[in-house]
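The exercises below are meant to be worked through with the sequence and the model side by side. Try each task before reading the solution that follows it.

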Amino acid sequence: MAVAHAPFLAYSRAKSESPVKPAAPPKTAGAEAAIASEADIRTGLTEHLSRLWRYGLVLSRKRDVAEDLVQQTCVRALERAAQFEPGTRLDRWLFSILHSIWLNEIRASKVRQGQGFADAEEALVFDGAGATETHVAAAQLLRKVDALPEAQRSAVFLAYVEGLAYREVAEILNIPIGTVMSRLAAARARLSAETAEGGRP
């Protein structure tokens, strides 16, 4: 009789020691964290919309393309909310998404062909913030930046207009920091040369 009951007792003991039930709480916690992260990203998107739009304008030189870039960036950010690391800079993450969309989708489809330049001064009024002098100064800078090659435009805008560190610019553009410094140096040299030529009689 003792032998007949042994398998049943072993089965009962295995059921009582099963680790299946304790695994449920972490999944619930993860879902709550994802919801919180998405809510934070929605709030952050509202705060950074004008900055994203200006960067899209610097890259594409066209208003409607910039608007498409921002819209796609918002959608992509919400879709990938779980990938955002809490405690890191949301604006840098959003700039990276926008730049990736530009390189891999919009520019690749040659949307820019045949399109003209946008009015930088008018574009800067988009967010309605800041003093008039600030808008004028920034508009003058963006006009000069607009004439640079695309690679230099991106680096100059992120470093000098947005005020990001070289390391942050390198991460957004997915290039070595040395390349960022090289592009900025080339841009400064070109802008200096143009300024000097503009001041000659």
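Helices (H or I, at least four residues) and strands (E, at least two) are DSSP runs, numbered from the N terminus. This is a predicted model, in which local features need pLDDT of at least 70 and side-chain atom pairs count only at pLDDT 80 or more, while totals for chains, interfaces and linings use all residues. Residues are numbered from 1 along each chain as its sequence is written, and side-chain values use heavy atoms, with hydrogens and water left out.

**Exercise 1. The chain as a whole**

Determine how many helices and strands the chain has, and what percentage of its residues count as buried.

Solution. Begin with the secondary structure: the chain contains 9 helices and 0 strands, and its pattern along the sequence reads α-α-α-α-α-α-α-α-α. Next, take burial, where buried means under 20% relative accessible area, exposed over 50%, and partly exposed in between (1.4 Å probe, protein chains only); by this rule 34% of the 201 residues are buried. Then turn to the surface, whose accessible areas come from the Shrake-Rupley method with a 1.4 Å probe, where for residues only the protein chains shown count as cover: the chain exposes about 12,000 Å², and 57% of this is supplied by carbon and sulfur atoms. Finally, consider contacts, meaning heavy atoms within 4.5 Å; of those between residues at least 6 apart in sequence, 66% join residues at least 24 apart.

**Exercise 2. Helix 3 and helix 4**

Compare the expected span of helix 3 with the distance between its end C-alpha atoms, do likewise for helix 4, and list the buried residues of helix 4.

Solution. The expected span of a helix is 1.5 Å times one less than its number of residues. Helix 3 (residues 63-79) has 17 residues and should therefore span 24 Å, which agrees with the 24 Å between its end C-alpha atoms. Helix 4 likewise has 17 residues, and it reaches 23 Å from its first C-alpha to its last, close to the expected 24 Å.

As to burial, helix 4 is mostly covered, with 12 of its 17 residues buried: Leu 90, Asp 91, Arg 92, Trp 93, Leu 94, Phe 95, Ile 97, Leu 98, His 99, Ile 101, Trp 102 and Ile 106. Trp 102 counts as buried because its relative accessibility is 0%, and its C-alpha atom is separated by 9.8 Å from that of Gln 72, 30 residues away along the chain.

In helix 3 the buried residues include Val 65, Leu 69 and Arg 76. Arg 76 has a relative accessible area of 16%, and so it is buried; leaving out residues up to four places away in sequence, Arg 76 touches Ile 97, Ile 101 and Glu 105.

**Exercise 3. The largest pocket**

Find which residues lie nearest the centre of the largest pocket, and which helix gives the largest share of its lining.

Solution. On a 1 Å grid over the protein atoms alone, a pocket is an open set of points with protein on both sides within 12 Å along at least five of seven lines, where a 1.4 Å probe fits, and lining residues have an atom within 4 Å of a point. The largest pocket is lined by 15 residues, and Arg 92, Trp 93, Ser 96, Glu 171 and Ile 172 lie nearest its centre. Two or more lining residues come from each of helix 4 (90-106) and helix 8 (166-173), and the largest share, 6 residues, belongs to helix 4.

**Exercise 4. Around the last two loops named here**

Decide whether Asn 174 is buried or exposed, and state what Ile 175 touches.

Solution. Most residues other than glycine have a negative phi. Asn 174, in the loop between helix 8 and helix 9 (177-198), has a positive phi of about 60° although it is not a glycine. Asn 174 is exposed because its relative accessible area is 69%. Ile 175, also placed in the loop between helix 8 and helix 9, counts as buried at 17% relative accessibility, and beyond residues up to four places away in sequence it touches Ala 170, Val 180 and Arg 183. Another positive phi, near 65°, is that of Arg 61, which lies in the loop between helix 2 (24-60) and helix 3.
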